[in-house]
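Colleague: Could you pick one helix and take me through it closely, one side and then the other? After that, I'd like to hear how its surroundings are held in place by charged side chains.

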Amino acid sequence: MSAAAAPAEPPLVCGNCRQPLQRLALAGHYGHHVDLDLCRSCDLVWFDGSETAQLSGPALLELIGHMASARALPHEMLRADPRCPRCAGRLKIAHNQSRWGRSSQLQCVRRHGAYQSFAQFLEEKGLLRPMSLIDRAKLLRDRGRIDCINCGGEIAKADERCRWCRSIPSLLDVARLARALDPLDTIEPHAVHRTAARQGALQCAACGAALPEGETISCSQCGATLAITSLAEAHAHVDALAPALRAAAARPSPDVVKRRLEALDADLPRRREWAAAMQAEADARRGRSVDETDWEEVSPRWKPVLAILAIAFVLWIGWNAGRH
């Protein structure tokens, strides 16, 4: 008879709105699974460790889809004292450095995990850029309003931050999103995927046509969408990549496998040097006699124990010598 399955962990409760968090079981790299918790009302992601770095392309696309669907709910403003959903302890602002620049999060002081707003998560991934005055004017002209990429609330033309969630008005770069979903080019080129990850100054990322200064939302020549303020629209633009991304993750093409092996081969000399240095250090340690240098390397918590044992041994020797 098989053992009973372990009971599922009860859902965490949001430390801001006190409502249950939505548990997401997402695909990670190399067959691993990543569990994240989402608050759809507060537009927050809770992660226990470094889970976001382990998300695969299909998982990132799925997470953005969940973020976009949260727009159907009214936004719950962040309180002055949000709490950790694990221990109900205090949170502090922590700043991290990523390849795209500095990012921030609300971290549990006991290191149980951290919150990021949707915008903070996307910014850490390098998918957002600040909205210029020309961007704002174009959005007002074409759409009649400016939407917050984080909570979906309306932003006035002169607002430095969203009045609802305090996020900086930003645009999501569609080309960068496509590249982030498939950084190794594992799938066949797609219309949105062919756009360059980094736009040249005054040049359309899709067709290369010249753009008026500051005009980076869309191209007037080819109509390509270059940046957007709506998560739902951004998700719709790249959702066509999902089946190919899942297929490539399940079974990479021979070309992708070849490129991965070539990358490993190129890194092999560095790994050999590192292994040789570690072996040399281990050999040097093994060849030394135990002296006061070795005593200094003993973990501090064991030093009192070793000292007591040494004193007890000396007293035992003395006691035995007195008996004889």
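Modeller: Happy to. Let's start with the outward side of helix α6: the face turned away from its buried side carries Arg246 and Ala250, both exposed. Here "exposed" means over 50% relative accessible area, "buried" under 20%, and "partly exposed" in between, using a 1.4 Å probe and protein chains only. Please keep in mind that this is a predicted model, in which local features need pLDDT of at least 70 and side-chain atom pairs pLDDT 80 or more, while totals for chains, interfaces and linings use all residues. Residues are numbered from 1 along each chain as its sequence is written, and side-chain values use heavy atoms, without hydrogens or water.

Now turn the helix over. Within α6 (residues 242–250), the buried residues are Ala242, Leu245 and Ala248. Looking down the axis of α6, these buried residues fall within an arc of 130° (taken from the directions from the helix axis to the C-beta atoms), so they line one face of the helix. The general pattern is a familiar one: an α-helix has 3.6 residues a turn, so residues three or four places apart point the same way.

What does that buried face meet? The buried residues of α6 pack against three helices, α1 (57–69), α4 (174–181) and α5 (231–238); a contact here is heavy atoms within 4.5 Å. Helices (H or I, at least four residues) and strands (E, at least two) are DSSP runs counted from the N terminus.

One of those partners, α5, leads us to the charged pairs. Arg143 and Glu233 join their side chains in a salt bridge, at 2.8 Å from N to O. Because Arg143 sits in helix α3 and Glu233 in helix α5, this pair ties together parts that are 90 residues apart in sequence. For a salt bridge, a side-chain nitrogen of Lys or Arg must be within 4 Å of a carboxyl oxygen of Asp or Glu. Both ends are partly exposed, with relative accessible areas of 42% for Arg143 and 31% for Glu233.

Helix α3 (residues 133–143) also has a pair of its own: Asp142 and Lys138 both lie in it, four residues apart, or about one turn. Their side chains form a salt bridge of 2.9 Å, N to O. The two ends differ in accessibility: Lys138 is buried at 11%, whereas Asp142 is partly exposed at 46%. Arg141 joins these two in a network of salt bridges. Further along the chain, Arg145 and Asp147 form another bridge, with their closest N and O atoms 2.6 Å apart; Arg145 is partly exposed at 31%. In total, the structure holds 10 salt bridges.

To set these pieces in the whole: the protein has nine helices and 11 strands, and 38% of its 324 residues are buried. Among contacts between residues at least 6 apart in sequence, 54% join residues at least 24 apart. One buried residue outside the helices is Asp173, in strand β10 (residues 170–173), with a relative accessible area of 7%. Asp173 and Thr229 are 56 residues apart in sequence, with their C-alpha atoms 9.2 Å apart in space.
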